Amino acid sequence: MNQESQLHTTRAGRLVIALLTIAVLGMSSIFESPAHADKPIPDAKASAGDLFENEGPTTAQIARQKLIASAKAAPDKLQAIGLFCHNPMGWKMLVYLPPGKAWRLYGAIRPIPFPVLVKPAPEDDHSDIPAAPRGRIVQLEGSLSINDEGHWQLIIETDRPVIQGTDLAVFSFYRPGDETRETIARYITRQEPQQSCITGSVGTEHVTRKQNDKLELLSARYVPKSFAGEKTAKTLFPGYCVWIGATPRAGN
């Protein structure tokens with residue numbers, strides 16, 4: 001083989017080696033090296049707040065904030081604000097009880113004045129709430145129900161045991177020999193003909209603040225079908241009313 005032929009062969013061999021080297025490097029760039037293949041993909045860093053939707057305060061929380069602010073402005077005044085209740089025969093509210101006073105939760109099931117707050121009568125039921133050294137915000141939830149004996153009753157539940165050491169007050173529509181309560185129960189079930197039912201409860205938009213130590217929480221007054229008079233402050237309609245008031249002092 002002459003010198004020119006050898007030189008051509010040498011150049012061709014170098015060219016083949018160069019092409020193989022480029023091919024190997026190109027293939028290696030397609031795949032990850034073993035040194036990096038086993039490394040996990042780093043997790044995205046996120047704060048706890050990023051995991052959930054941003055939520056504003058609930059209506060119940062807003063109501064409590066309103067009542068707290070009002071109570072701070074007038075800590076010696078009985079105050080309340082209503083809450084939304086899913087029960088169509090129920091009520092829910094927050095009540096601020098000023099410190100240093102004992103309270104009574106009254107339930108009147110009898111003819112109720114229109115439209116003023118009733119005054120306690122001997123036949124009314126009541127439950128005692130002892131005094132506390134500091135002001136308290138208590139949630140009250142009332143509802144109508146039927147007991148195991150088939151009689152209507154008005155139940156008031158609290159979120160803490162403040163009612164005579166319990167969280168429950170029950171006002172029964174049944175009392176042996178008391179036909180008035182039974183008649184009112186028949187109005188509830190529409191067995192007695194009625195024009196309308198006038199209901200009342202603590203408002204949900206604003207805090208109700210009382211100058212005296214008495215606050216109507218809920219009421220229902222049934223207007224009989226036969227009623228044809230004028231509704232005045234002296235008009236009595238069969239119904240029920242629940243209110244809270246300071247315990248009368250001895251001698252009052």
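**Close-up 1. Arg104 and its partner across the strands.** In this predicted model, Arg104 faces Gly245, a residue of strand β11. The two strands involved here, β3 and β11 (residues 235-246), run antiparallel and are joined by 12 bridges. If you follow the backbone in this view, keep in mind that strands of a sheet pair through backbone hydrogen bonds, either parallel or antiparallel.

**Close-up 2. The other neighbour of β3.** Here we turn to strand β4 (residues 125-129), which is antiparallel to β3 and linked to it by 5 bridges. Leu105 has Ser127 of β4 as its bridge partner. Strand β3 itself spans residues 103-114, and 10 of its 12 residues are buried, so the rest of the structure largely encloses it. Buried here stands for under 20% relative accessible area.

**Close-up 3. The whole sheet, strand by strand.** Five strands make up an open sheet with antiparallel pairing, and their order is β4-β3-β11-β10-β8. At the edges you will find β4 and β8 (194-201); each has a single partner strand, so one side of each lacks a neighbour in the sheet. From one strand to the next, the twist averages 15°.

**Close-up 4. A helix laid across the sheet.** Helix α4, made of residues 179-188, lies across β3, β4, β8, β10 (214-224) and β11. Relative to β3, helix α4 runs at about 80°.

**Close-up 5. The largest pocket.** This pocket holds about 190 Å³ of space. Its lining is made up of Thr59, Ala60, Ile62, Ala63, Lys66, Ile81, Gly82, Leu83, Phe84, Thr204 and Glu205. Two elements, α3 (59-73) and β1 (79-83), give two or more residues each to this lining. Which element gives the most to the lining of the largest pocket? That is α3, with 5 residues. Sorted by class, the lining of the largest pocket has 6 nonpolar, 3 polar and 2 charged residues.

**Close-up 6. The second largest pocket.** For this one, the volume is about 160 Å³. Among the residues that line the second largest pocket are Met89, Trp91, Leu144, Tyr187, Arg190, Cys197, Tyr222 and Tyr240. At least two lining residues come from each of α4, β8 and β10, and these are elements you have already met in the helix view, where α4 lies across both strands. The most comes from β8, which gives 3 residues to the lining of the second largest pocket. By class, this lining has 9 nonpolar, 2 polar and 1 charged residues.

Terms used:
Residues are numbered from 1 along each chain as its sequence is written. This is a predicted model: local features need pLDDT of at least 70, side-chain atom pairs count only at pLDDT 80 or more; totals for chains, interfaces and linings use all residues. Side-chain values use heavy atoms; hydrogens and water are left out. Buried means under 20% relative accessible area, exposed over 50%, partly exposed in between (1.4 Å probe, protein chains only). Helices (H or I, at least four residues) and strands (E, at least two) are DSSP runs, numbered from the N terminus. Two strands pair if DSSP finds at least two bridges between them. Axes are lines fitted to C-alpha atoms, for helices over the stretch in contact, and angles run from 0 to 180 degrees between N-to-C directions. Contact means heavy atoms within 4.5 Å. On a 1 Å grid over the protein atoms alone, a cavity is a set of points where a 1.4 Å probe fits but cannot get out, and a pocket is an open set with protein on both sides within 12 Å along at least five of seven lines; lining residues have an atom within 4 Å of a point. Grid points are joined across faces, edges and corners, and a volume is the space filled by probe spheres set on the points. Ala, Val, Leu, Ile, Met, Phe, Trp, Tyr, Cys and Pro count as nonpolar, Asp, Glu, Lys and Arg as charged, and the others, Gly among them, as polar.
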